[in-house]
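Hi,

Here's the structure I promised to pass on. Have a look around it first, then read my notes below.

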Amino acid sequence: MLTRENNELLTRTGPDTRMGGLLRLYWLPALLVEELPEPDCPPVRVSLLSERLVAFRNSEGRIGLIDEACPHRGASLVYGRSENSGIRCIYHGWKMDIGGNVVEMPCERGDPASMERIKVQSYPVREAGGIVWAYLGPKDKMPPFPAFEWMNLPATHVHVQKILIECNYLQSIEGGIDSAHISFLHSTEINYGHIATATKDTAPEFEVQEMPYGFRYAALRNRDAENRYVRITPFIMPFYTIVPFAENQPQAQHAWVPADDHHNWAYTFTFKRGEPLTRDEWTHAADLTDGYRKFRNVGNQHLQDRAAMKSGKSFSGIPEILDQDAAVQESMGFIVDRTKEHLRKTDAAIVHLRRLYLKKLEGAQQSDEGINQEAFACQDTIRCRIAVVPSASDWRSLE
Ligand code: FES
Ligand SMILES: [Fe+2]
């Protein structure tokens with residue numbers, strides 16, 4: 001369990017919060033490149049770390065990420081017009097550029113000095129791997145740009161999906177480092193090859209290894225046999241995991257990015273190293289509606305099919321894996337009360353994650369260094385693992 005204070009500390013990520021300060025020391029996935037397909041296309045609302053922003057692609061094809069509220073009297077620039085290298089508010093016609101400068105005030109004649117004094121908050125962005133990345137932190141602490149393996153693969157080898165999950169980001173991350181649940185929640189869908197072993201041994205042992213990028217943990221099954229079945233999941237600061245799949249299978253990295261304290265953006269980066277992905281190989285996708293929202297949500301109890309549960313067709317009554325994960329995370333409420341939980345041995349990675357965050361928060365407060373630069377050096381070499389190893393050996397020797 002967590003104290004009420006620490007639960008608050010870890011789950012609040014707005015501009016004046018400590019966790020928000022830590023997350024602002026990283027480049028963050030802000031939206032998909034496909035949301036801004038061409039110069040002067042419609043602007044897009046971006047909710048990120050409880051900030052309300054608007055993204056637009058100007059006439060030169062460059063992307064701006066600035067405050068959603070017009071600096072005049074606060075009308076939303078999501079309604080604005082992308083035109084002539086800027087975004088124009090439809091209320092009184094003020095126009096801003098990607099740097100957050102007010103470049104036109106057509107309803108105010110002869111007042112250029114006041115135009116120069118007004119500045120809209122704008123953030124640096126970069127496009128890579130189908131993602132528009134943004135940095136919301138202090139300029140002097142900008143970290144190296146992410147260098148994950150999939151970001152350098154051809155577009156045909158990668159599929160990126162974004163879904164709005166209607167709960168705090170920490171609930172979703174804790175689902176991502178919780179290998180025990182696959183034996184239950186996903187038992188009907190993940191039941192082939194090595195993974196069948198995982199679903200049969202429902203009480204894995206968990207061991208954690210510190211890494212420069214965060215940590216990795218092993219779920220060890222079949223403890224009494226000669227060989228053990230090991231699934232190794234890396235957790236990469238500040239919110240990434242790589243799901244353990246065999247090397248010849250499509251790989252899947254996840255990110256859970258806080259939109260606000262009650263919502264997060266779940267990104268899934270599915271990729272194959274040597275060849276293009278086929279449609280069937282995309283990570284089991286949730287059905288989406290406008291704004292990357294799921295059709296299945298708490299309001300309709302994720303359309304849980306009780307008949308399928310009774311007949312044995314489905315353990316959870318929810319067909320897709322991503323919907324199953326979202327259902328249990330959202331079922332806890334927007335921010336789960338962690339003072340009431342009872343953690344056990346299979347929650348070891350979750351305990352480790354919270355300690356790591358608390359340690360990083362302490363470090364961020366004490367030093368001006370920002371984050372551990374070393375963590376970025378090896379980013380493209382981080383791998384998940386599934387292996388069958390002799391019981392006497394140590395899984396930590398696996399790369
Ligand atoms: S509110 Fe935007 S120009 Fe007046
Ligand atoms: Fe899951």
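Let's start with one residue: in which helix is the place of Ile173? It sits in helix H4, which covers residues 169-176. Keep in mind as you look that this is a predicted model.

So is Ile173 buried or exposed? Ile173 is buried, because 24 other C-beta atoms lie within 10 Å, and 20 or more is what it takes to count as buried. If you leave out residues up to four places away in sequence, Ile173 touches Phe239, Trp256 and Leu353. Asp394 is another story: it comes 221 residues apart from Ile173 along the chain, and 26 Å separate the C-alpha atoms of the two.

Now zoom out to the domains. The domain assignment splits the protein into domain 1, residues 27-141, and domain 2, residues 149-397. Taken over C-alpha atoms, the centres of these two domains are 33 Å apart. The domains do touch: 12 residues from domain 1 and 14 residues from domain 2 take part in the contact.

Which elements give two or more residues to the side of domain 1 that touches domain 2? They are strand E1 (27-32) and strand E2 (44-48). E1 gives the largest share of that side, with three residues. As for the chemistry, the residues on this side of domain 1 divide into seven nonpolar, four polar and one charged.

Try finding Ile173 in helix H4 and then the two strands, E1 and E2, on the domain 1 side of the contact.

Cheers

Note on methods. Residues are numbered from 1 along each chain as its sequence is written. Chains are lettered from A and ligands numbered from 1 in the order in which they are written. This is a predicted model: local features need pLDDT of at least 70, side-chain atom pairs count only at pLDDT 80 or more; totals for chains, interfaces and linings use all residues. Helices (H or I, at least four residues) and strands (E, at least two) are DSSP runs, numbered from the N terminus. A residue is buried if 20 or more other C-beta atoms lie within 10 Å of its own, exposed if 12 or fewer, and partly exposed in between; C-beta atoms are placed from the backbone. Two residues are in contact if their C-beta atoms, placed from the backbone, lie within 7 Å. Domain bounds come from an automatic or database domain assignment. Ala, Val, Leu, Ile, Met, Phe, Trp, Tyr, Cys and Pro count as nonpolar, Asp, Glu, Lys and Arg as charged, and the others, Gly among them, as polar.
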